[in-house]
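Dear colleague,

I am handing over the structure below for your consideration. My findings on its strand pairing and on two backbone positions follow after it.

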Amino acid sequence: MKKITLFCAAVAAALGMNAQDTTPLTIDMWHQWEGITAEDTFWGENVKIVENPTEALVENYGKDSDFVIGNPACNGNCYADVTEFSGVEGKGFSGNGKVRFYFNREDMQGPGKECVVDIAEDGTFKFDFSDVPGNPKFLHLNFVKFHWGVEGNIEYINLLPKKGDEPVVPVDPNAITGAWFHEWNGYGADATIVTENVEVDDLIGKEVGGGTTVLGTASVWGEIYADLTNYAGIEAEGTPGAVIRLLFNRPTHDQGITEFYVEFNKEGKLKFDFTEVKDGDVPASFIHLNAVKINWGLPEGMTSCKISKFNAVPKGTSSVNAIENAQPTVIYNIYGQRVDESYRGIVIKNGKKFIQK
């Protein structure tokens, strides 16, 4: 055994590898977990391991299969806690050149987070956990598998350690992030916070496709929002020509969501003045941002886009009025498609619906 160990160490050294750099992802890391209360069954940070697990676990490294590792039943309370790692690297192949990593979340309001990772031509792949949507506080890996109807063979997956101290990047106090979103006990101006910093999608700075939720909840949960009442508007930077949707709640559930379509100009800049949000004919008394989404229909020739900056403009500054859109008022139909004055039917102009005859 000693000779084998020394030989492996020599090979690793010859290849420039450090045995301490990575940790093999094995089925021994999977456990069935239980929560603290009946309401928080298995999704939160403060959970413990069930002593006598009932879930079947599978590890298929080196085998042709549609499942790699984890619990094939895909139950949310059976997972490997990989919070202390920065990502994974591995090698193998699949029928469509992709492998899926699935993480559970901290409550039952939304589905788990699925991350699809591309496998390179040489069979290698790497995935940084910072790319898990929503910047989660914890990482509970339920399973790794391929897409439905696709088989593959993964030789190994290794967990990567977190990096050491890195230079501190100054934080822009006006940059709207997922940390601005809380769960509230109502929709109106008198609502108070129930839970701070709930987990939402936060994909600012990342390339995304049409229809993606960049900030907030995909379901546009009415009582989860960022309160921007004390700001004058939004200024943002992103892909020129891309259209984003700003969704704000109103005083009651029955009044639904007020939605605005805003386009990045040719310089990649965008501005939105909160006086556009109205209750009737008067500016709204509160501004609650539920979600920011990319319009479903990307412009012709555009396969992805990015919001690189998304800032709230404090009241009393002139910034929100200083950014001029490079195009006239844009008109959309109810499907989010850009149309012109010749279009007949229901249209959205400056966030309001009209009938063009």
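To begin with one specific point: which residue is the bridge partner of glycine 87 in E12? The partner is leucine 160. Please note that the model is a predicted one.

**The four-stranded sheet**

This pair of residues belongs to the contact between strand E7 (residues 85-94) and strand E12 (residues 152-161), which pair in the antiparallel sense over nine bridges. Within that pairing, valine 88 stands opposite leucine 159 in E12. E7 also pairs with E10, again in the antiparallel sense, and here there are five bridges. One of the residue pairs between E7 and E10 joins glycine 90 to phenylalanine 125 in E10.

These strands are part of an open sheet of four strands with antiparallel pairing, in the order E1-E12-E7-E10. Its edges are formed by strand E1 (23-24) and strand E10 (124-128), each of which pairs on one side only.

**Strand E11 and its partners**

Strand E11 (residues 140-145) is mostly covered, with six of its six residues buried. Several strands run antiparallel to E11, and I list them here with one residue pair each:

- Strand E5 (residues 67-70) is joined to E11 by three bridges in the antiparallel sense; phenylalanine 67 has lysine 145 as its bridge partner in E11.
- Strand E6 (residues 78-81) is joined to E11 by two bridges, also antiparallel; the partner of alanine 80 in E11 is leucine 141.
- Strand E8 (residues 98-103) is joined to E11 by four bridges, likewise antiparallel; phenylalanine 103 has leucine 141 as its bridge partner in E11.

Leucine 141 in E11 is thus a bridge partner of both alanine 80 and phenylalanine 103.

**Two residues with positive phi**

Asparagine 197 is not a glycine, yet its phi is positive, at about 50 degrees. This residue lies in the loop between strand E14 (193-195) and strand E15 (201-202). Asparagine 197 is partly exposed, its relative accessible area being 30%.

Valine 220, which is not a glycine either, has a positive phi of about 55 degrees. Valine 220 is placed in the loop between strand E16 (213-216) and strand E17 (224-227). Is valine 220 buried or exposed? With a relative accessibility of 17%, valine 220 counts as buried, because the term applies under 20% relative accessible area.

Yours sincerely

Technical notes:
Residues numbered from 1 in each chain as written. Predicted model: local features only at pLDDT ≥ 70, side-chain atom pairs only at ≥ 80, totals over all residues. Heavy atoms only, no water. Pairing = 2+ DSSP bridges. Buried < 20%, exposed > 50% of the residue type's maximum accessible area, 1.4 Å probe, protein only.
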